[in-house]
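The following exercises are to be worked through with the sequence and the coordinates at hand. Each task is followed by a solution in steps.

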Amino acid sequence: MSPLALFLTLIFVLIPLVLSKTLNLGLERDTIIATVRSITQLFAVGYILKFVFDSDGYLYILLMIALMIFAAVHNASKKGKAIPGILWKITVTIVVVELLTQAILLGFGIVPATAQYIIPISGMVVGNSMVLSILFLNRFTAELEANQNRTELILSLGGTPKQAVHTQLTDSIKASTIPTIESQKTMGLVQLPGMMSGQIIAGADPVQAVQFQLLILFLLLTTAVVSSILLGFLSYPSLFNERMQLIRQKND
Amino acid sequence: MTIYEPAIHFMDVRYSIDNKPIVGPITGSFPSGRITTLVGPSGAGKTTVLKLCNGLLSPDSGEILIDGQSATTFEPTDLRRKVGMALQDAPMVNGTVYDNLALPLRLQKKELPEPDAISWLEDVGLSGDYLHKKASELSGGQRQKVSIARTLINRSDILLMDEITSALDKASRREIESLITRINQKYGTTIIWITHNLEQAISIGDYTWVLISGELIETGDSHILEDPADERVRRFVKGELQ
């Protein structure tokens with residue numbers, strides 16, 4: 001893309017700005033902030049990636065992945081403050097999912113062990129694991145809140161903490177992974193996935209673009225299911241103490 | 001007056017949340033094999049006392065003895081089976097009446113034979129026809145009966161009842177009252193029953209605990225409610241404390 005063409009893409013920013021101003025929508029400030037941030041963040045990451053690809057050192061790859069995980073954990077942990085120790089639980093979840101998927105991809109030689117593959121795929125896995133963690137935590141805390149009676153019932157009948165939250169846990173795991181599975185059913189019918197579109201625009205063979213997209217889709221399926229199950233099973237024990245009592249209790 | 005062994009004994013028990021005292025210090029007993037009612041204004045800490053009895057909560061200080069043995073020496077799951085609890089709104093798990101009755105045994109990886117389930121239902125005054133009915137289709141009184149039967153299946157020595165008749169009409173309330181009296185007489189089960197109905201407390205209870213602001217103000221034969229010694233209890237009985 002020529003610098004002029006890139007400059008002309010700003011027309012697509014100008015249209016919402018003009019409309020917002022005319023109709024008094026008050027979106028101008030956020031639109032400008034979003035535009036400036038996306039330009040600087042994407043160019044910064046672009047130049048960093050170029051540097052990492054050129055140097056081809058594993059240390060830089062690891063640093064990049066660590067940075068992604070740090071940002072993802074920081075973001076996701078805001079959602080689960082009600083659960084004690086949620087920060088390290090999300091860290092373990094995302095690190096395990098990243099290690100598992102990379103081990104399979106690199107171990108079986110599905111993709112080459114170069115920065116060009118490892119970093120973008122890690123970005124998708126970590127990002128997806130973060131979103132799934134947020135979805136799971138939102139749902140799980142809501143389920144616990146709404147079903148405190150049920151939890152208390154099972155405990156008072158002599159059930160263990162795991163039995164007391166089992167339904168809420170499995171419901172939350174299902175609810176958080178269903179969107180990933182459902183979106184795969186209409187994939188290619190309604191819209192072309194972003195990564196595939198990008199590859200096609202950049203001149204790649206569409207069939208090869210499809211092959212890579214399938215790899216990513218299946219990868220994200222594992223990411224989704226493993227993230228929410230792992231986070232679920234790490235989270236529920238910290239809701240109870242050693243006397244099998246709910247740590248946060250309502251009172252009469 | 002007959003002296004009964006205490007089924008549950010509180011010794012200087014205190015419980016607080018975020019440094020705010022909820023109950024205590026409480027020292028007192030629930031006599032074995034009797035029906036004790038727990039009365040007091042809302043927010044007096046009645047439900048907290050029940051939860052302390054079956055280990056859903058632990059005291060910050062003091063000790064609770066169950067049949068003379070410290071509550072902390074029991075496995076939490078064993079304690080909750082020994083001291084069963086029927087919750088205020090009789091929550092049901094999704095499924096049929098049978099699924100709800102079988103729940104206590106399923107939690108121990110055991111099954112409840114259908115004929116047993118029917119006899120438990122009949123024991124609480126419901127016919128076997130209810131067994132495969134959806135729990136969500138039961139009336140308030142039927143739910144409470146199923147909830148009581150479900151608690152009985154653990155064969156608890158002590159039953160805790162948290163305002164189980166507060167949402168019921170008069171006829172259903174009378175049925176539950178006679179059911180509880182029958183359970184008490186038939187199995188010798190110790191009953192601890194929270195109620196806001198003082199008439200019920202006097203007619204059903206052998207013994208009563210009056211809690212106000214987390215403190216055990218008066219305790220003794222239920223008839224103390226007819227002529228309380230303490231001024232606060234007098235005001236509560238007159239309906240001046242709610």
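**Exercise 1.** Determine which residues of helix 7 of chain A are buried, and state what this says about the surroundings of the helix.

Solution. Step 1: in this predicted model, the buried residues of helix 7 of chain A are A:Gln148, A:Arg150, A:Thr151, A:Glu152, A:Leu153, A:Ile154, A:Leu155 and A:Ser156. Step 2: the helix spans residues 148-156, and eight of its nine residues are buried, so the rest of the structure largely encloses it. Step 3: just after this helix, A:Gly158 adopts a positive phi of about 95 degrees.

**Exercise 2.** Locate B:Arg155 and B:Glu163 in chain B, and decide for each whether it is buried or exposed.

Solution. Step 1: most residues other than glycine have a negative phi. Step 2: B:Arg155, which is not a glycine, has a positive phi of about 50 degrees; the phi of B:Glu163 is also positive, near 45 degrees. Step 3: B:Arg155 lies in the loop between helix 5 (140-152) and strand 7 (158-162) of chain B, while B:Glu163 lies in the loop between strand 7 and helix 6 (170-187) of that chain. Step 4: the relative accessible area of B:Arg155 is 61%, so this residue is exposed, the cut-off being over 50%. B:Glu163 has a relative accessibility of 15% and therefore counts as buried, since the limit is under 20%.

**Exercise 3.** Describe the environment of B:Val124: which residues does it touch, leaving aside those up to four places away in sequence?

Solution. Step 1: B:Val124 belongs to the loop between helix 4 (114-123) and helix 5 of chain B. Step 2: its relative accessible area is 2%, so it is buried. Step 3: with that exclusion, B:Val124 touches B:Lys145, B:Ile148, B:Ala149, B:Leu152 and B:Leu179. Step 4: B:Asn19, by contrast, is 105 residues from B:Val124 in sequence and 42 Å from it in space, C-alpha to C-alpha.

**Exercise 4.** State how many aromatic pairs there are over all chains, and classify the pair formed by A:Phe233 and A:Tyr236.

Solution. Step 1: the count over all chains, with ring centres within 6.5 Å, is eight aromatic pairs. Step 2: A:Phe233 and A:Tyr236 are 6.1 Å apart, centre to centre, with 80 degrees between the planes. Step 3: an angle over 60 degrees counts as edge-to-face, so this pair is edge-to-face. Step 4: A:Phe233 is partly exposed, at 38% relative accessible area, whereas A:Tyr236 is buried, at 13%. Step 5: in chain B, one aromatic cluster is formed by B:Phe10, B:Phe30 and B:Trp209.

Terms used:
Residues numbered from 1 in each chain as written. Chains lettered and ligands numbered in written order. Predicted model: local features only at pLDDT ≥ 70, side-chain atom pairs only at ≥ 80, totals over all residues. Heavy atoms only, no water. Helix = DSSP H or I, 4+ residues; strand = E, 2+ residues; numbered from the N terminus. Buried < 20%, exposed > 50% of the residue type's maximum accessible area, 1.4 Å probe, protein only. Contact = heavy atoms within 4.5 Å. Phe/Tyr/Trp six-rings, centres within 6.5 Å; stacked < 30°, edge-to-face > 60°.
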